[in-house]
Amino acid sequence: MVRVGLTSWSALIVVDVQNDFVPGGALPVPNGHEVVPILNRYIEAFVGKGLPVIATRDWHPPNHISFKSRGGPWPPHCVQGTWGAEFHPELKLPKDVIIVSKATDPDREAYSGFEGTGLAERLRELGVKRVFVGGLATDYCVKHTVLDALKYGFEAILLLDASRGVDVNPGDSARAIREMVAAGAIAITLDDLLVG
Ligand code: VGL
Ligand code: ZN
């Protein structure tokens with residue numbers, strides 16, 4: 001068991017828990033809906049300590065470069081303003097959640113919540129040094145968000161129980177977890193959280 005403290009310089013980053021990424025959506029992550037009740041428990045812990053909660057969302061224009069119509073790998077998903085781009089209805093985001101929209105440029109893919117969003121500066125202004133990251137998908141946006149957090153000098157805690165992967169190729173999620181840990185991330189589950 002790893003024990004990781006919910007210190008006063010911690011923030012939670014909930015990655016892309018949107019209708020299109022759960023079963024029934026346009027680009028479903030297998031069992032993606034399972035992260036919702038677990039993330040709600042993490043959210044409760046952070047809100048209880050008055051710590052910031054950030055929710056990223058994939059927020060594509062209808063002609064985004066990642067869509068098959070433009071030669072990209074994905075079916076259209078998370079198009080700005082559509083039902084599929086809305087947060088999962090059972091995700092209990094606090095009223096003062098910081099929403100970060102990403103991959104809004106039609107001509108650029110952006111898997112990381114830090115890419116082109118100003119998130120690193122925003123976190124620094126809040127005095128954050130440690131980010132806890134969970135959501136969808138482990139092998140894409142969670143991975144790139146965790147790796148960028150480390151690159152920007154934050155401590156990154158990967159929430160294993162609150163993340164699920166696409167696994168386009170079998171083993172992608174397991175490889176992504178190894179890559180994040182090799183880069184310096186600490187992988188935990190809810191039991192490891194020291195709320196204090
Ligand atoms: C994602 C594929 C395409 C993600 C976003 O949120 O992990 N994956 N766009
Ligand atoms: Zn996308």
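Where does A137 lie? A137 sits in the loop between β5 (130–136) and α3 (138–151). The peptide bond that leads into A137 from L136 is cis, with omega near -10°. Most residues other than glycine have a negative phi, and most peptide bonds are trans.

**Ground rules**

This is a predicted model: local features need pLDDT of at least 70, side-chain atom pairs count only at pLDDT 80 or more, and totals for chains, interfaces and linings use all residues. Residues are numbered from 1 along each chain as its sequence is written, chains are lettered from A and ligands numbered from 1 in the order in which they are written, and side-chain values use heavy atoms, with hydrogens and water left out.

**Overall fold**

The protein has four helices and eight strands. Helices (H or I, at least four residues) and strands (E, at least two) are DSSP runs, numbered from the N terminus. Their order along the sequence is β-β-α-β-β-α-β-α-β-α-β-β.

With 196 residues, a compact globule would have a radius of gyration near 16 Å, and the protein agrees with its 15 Å. That radius is taken over C-alpha atoms, and the globule rule is 2.2 Å times the number of residues to the power 0.38. The C-alpha trace spans about 50 × 35 × 30 Å along its principal axes.

Of the 196 residues, 54% count as buried. Buried means under 20% relative accessible area, exposed over 50%, and partly exposed in between (1.4 Å probe, protein chains only). The accessible surface comes to about 8800 Å², and 54% of this surface belongs to carbon and sulfur atoms. Those areas come from the Shrake-Rupley method with a 1.4 Å probe; for residues, only the protein chains shown count as cover.

Contact means heavy atoms within 4.5 Å. Among contacts with a separation of 6 or more, 77% come from residues 24 or more positions apart.

The mean positions of the 19 positive and 23 negative charges are 3 Å apart. Lys and Arg count as positive and Asp and Glu as negative, while His and the chain ends are not counted. Each charge is placed at NZ of Lys, CZ of Arg, CG of Asp or CD of Glu.

**Strands β3 and β4**

Strands β3 (residues 53–58) and β4 run parallel and are joined by five bridges. Two strands pair if DSSP finds at least two bridges between them. I54 has I98 as its bridge partner in β4. In a regular strand the side chains alternate between the two faces of the sheet. Strand β4 (residues 98–102) shows this alternation: I98, V100 and K102 point to one face and are buried. I99 and S101 point to the other face and are not buried.

**Helix α3**

Eleven of the 14 residues of α3 are buried, so the helix is largely enclosed by the rest of the structure. Among them are Y140, C141, K143 and D148. The cover over these buried residues includes β2, β4, β5, β6 (155–164) and α4 (172–182). Just after α3, G153 takes a positive phi of about 95°.

T145 belongs to α3. Not counting residues up to four places away in sequence, T145 touches I13, V15, Y111, S112, G113, F114 and V133.

**Between β2 and α1**

The loop between β2 (10–15) and α1 (35–48) holds D16. N31 is found in the loop between β2 and α1, and so is D20. D16 has a positive phi of about 50° although it is not a glycine. N31 is not a glycine either, yet has a positive phi of about 60°.

D20 is in contact with G25, A26, L27, P28, H77, C78, G84 and A85, leaving aside its neighbours within four places in sequence. D20 and T145 are 125 residues apart in sequence and 19 Å apart in space, C-alpha to C-alpha.

**Strand β7**

I188 lies in β7 (residues 186–188). Beyond its neighbours within four places in sequence, the contacts of I188 include V2, V4, Y42, F132 and L193. Others are I157, L158, L159, L160 and D161. I188 and A156 are 32 residues apart in sequence and 11 Å apart in space, C-alpha to C-alpha.

**Accessibility of selected residues**

| Residue | Relative accessible area | Class |
|---|---|---|
| D16 | 0% | buried |
| D20 | 8% | buried |
| N31 | 39% | partly exposed |
| T145 | 0% | buried |
| I188 | 0% | buried |
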